[in-house]
Amino acid sequence: MTQKNSFIKFDKDGNKTHDYKSLADSITTLPTLRSNIVDLVQSTENTYQTDIPIFVNNVRKDQSLVAQILKVARASKYARLIQVDTISDAIQVLGVERLRNIALKQSFLGNFLKPNPYKHGFDWKAFWKHANAVGVISSIIAKRMGKSDHERFYTAGLLHDMGKMGAFCLDENKMLKVSSTARTQSRSFIQTEKELGTPRHDLLGEAIGESWDLPEYLIMVCRYHHTYFRGERMPDQSCSEKREQLNEYIDVVILANCWAKKLKQGYSGHSCIEEPESIILKNLNLPESMLEEIIPTIIAELNEGSFLDDLFEAA
Ligand SMILES: [Fe+2]
Ligand SMILES: [Fe+2]
């Protein structure tokens with residue numbers, strides 16, 4: 001899985017920097033987001049508008065995904081009353097959102113989680129747990145804010161750290177060194193990347209998102225989820241309405257990332273909480289008591305999800 005490319009370039013002041021576009025393009029081992037999965041995710045981003053026939057068609061394009069979904073659906077406690085033979089049956093048993101989550105897990109993390117979740121010294125199962133928790137919490141916050149597109153917030157939360165997967169594929173030893181240095185010296189992952197001069201996972205995530213042609217909001221969340229001040233984001237975005245929309249995705253994911261760590265949900269390569277929670281709450285016009293209010297919902301949704309995760313692993 002290791003590719004040792006340097007891809008160094010120089011900025012206008014003559015300082016050495018990483019060429020993120022070339023780095024992203026050089027990653028051939030990262031499980032690519034197959035186009036049917038992109039379609040599938042996009043067709044379920046707004047639950048109220050999911051076109052079931054299109055969704056079923058997208059799932060059917062991937063035979064291993066069909067097999068995985070049927071196994072999980074048949075094994076689930078919801079399958080007692082109905083025989084599950086088709087993807088439409090599985091939708092009745094599990095619902096579109098759960099099927100979407102299975103597809104995302106298979107697409108993004110399948111290669112990392114199987115056969116060994118502790119591949120090469122990094123706990124990818126705990127990483128999935130962190131990413132999924134950030135997705136779940138992002139979508140709960142978005143629902144509280146009255147957002148109809150809360151499913152997009154889930155996707156944004158799930159994918160915010162995908163640059164770390166890219167960094168691992170580029171040079172696993174370097175990525176593991178960042179992780180162990182961050183852990184032993186109680187520093188954040190991004191701060192350690194900067195100190196060690198390794199590629200930054202926020203910039204790499206942005207470059208991967210661009211090379212995969214992901215929607216802009218996902219690219220911006222990857223790029224700015226460690227940029228806490230709105231004034232330091234998106235210098236080229238001139239439309240203020242668009243800027244506000246994108247800032248909401250970014251802020252919600254920053255908050256969810258912070259809360260997932262506070263609630264000890266999974267592990268993303270470091271344990272340091274650095275997000276300035278009160279600034280983000282103010283940006284989003286949310287009360288300081290918000291986390292306390294939504295903890296029961298978060299725990300309930302994560303528990304239900306982990307039940308499905310167990311089935312996924314057993315399948
Ligand atoms: Fe991050
Ligand atoms: Fe994270």
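**Exercise 1. Find how many salt bridges there are, then look at what joins Arg-223 to Asp-202.**

*Solution.* Let's start with the count: this predicted model has 17 salt bridges. Now take one pair. The closest N and O atoms of Arg-223 and Asp-202 are 3.9 Å apart. A salt bridge needs a side-chain nitrogen of Lys or Arg within 4 Å of a carboxyl oxygen of Asp or Glu, so the pair qualifies. Next, place the partners: Arg-223 belongs to helix 13 (residues 216–224) and Asp-202 to helix 12 (residues 201–211), with their positions 21 residues apart, so to speak, linking distant parts of the chain. Finally, both Arg-223 and Asp-202 are buried.

**Exercise 2. Decide whether Arg-230 and Asp-251 are buried or exposed.**

*Solution.* First, see how they meet: their side chains form a salt bridge with an N to O distance of 2.7 Å. This pair also links distant parts of the chain, with Arg-230 in the loop between helix 13 and helix 14 (240–262) and Asp-251 in helix 14. Now apply the cut-off: buried means under 20% relative accessible area. Arg-230 has 19%, so Arg-230 counts as buried. Asp-251 has 0%, so Asp-251 is buried too.

**Exercise 3. Work through the pair Glu-275 and Lys-261 in the same way.**

*Solution.* Begin with the distance: the closest N and O atoms are 3.0 Å apart, and the two residues form a salt bridge. Then locate them: Glu-275 sits in the loop between helix 14 and helix 15 (277–283), while Lys-261 is in helix 14, 14 residues apart. Last, check accessibility: Glu-275 is buried at 6%, and Lys-261 is buried at 12%. As an extra step, look for bridges with shared partners: Arg-200, Asp-202, Glu-206 and Arg-223 are joined into one network.

**Exercise 4. Describe the site of the iron ion (ligand 2) and explain why it is called irregular.**

*Solution.* List the protein donors first: His-130 (NE2), His-160 (NE2), Asp-161 (OD) and Asn-257 (OD1), which lie 2.3 to 2.5 Å from the iron ion (ligand 2). Along the sequence, the spacing of these donor residues is H-x29-H-D-x95-N. Next, test the angles. Four tetrahedral donors need all angles between 85 and 135 degrees. Here the angles among the 4 donor atoms run from 81 to 175°, so the tetrahedral test fails, and the site is irregular. Two donors can be checked for burial: His-160 is buried at 0%, and Asp-161 is buried at 3%. To finish, find the neighbouring metal: the iron ion (ligand 1) is 4.2 Å from the iron ion (ligand 2), and Asp-161 coordinates both.

Terms used
Residues numbered from 1 in each chain as written. Chains lettered and ligands numbered in written order. Predicted model: local features only at pLDDT ≥ 70, side-chain atom pairs only at ≥ 80, totals over all residues. Heavy atoms only, no water. Donors = N, O, S within 2.8 Å, 3.2 Å for Na, K, Ca; no water. Tetrahedral: all angles 85-135°; square planar, octahedral: opposite > 155°, others 65-115°. Buried < 20%, exposed > 50% of the residue type's maximum accessible area, 1.4 Å probe, protein only. Helix = DSSP H or I, 4+ residues; strand = E, 2+ residues; numbered from the N terminus.
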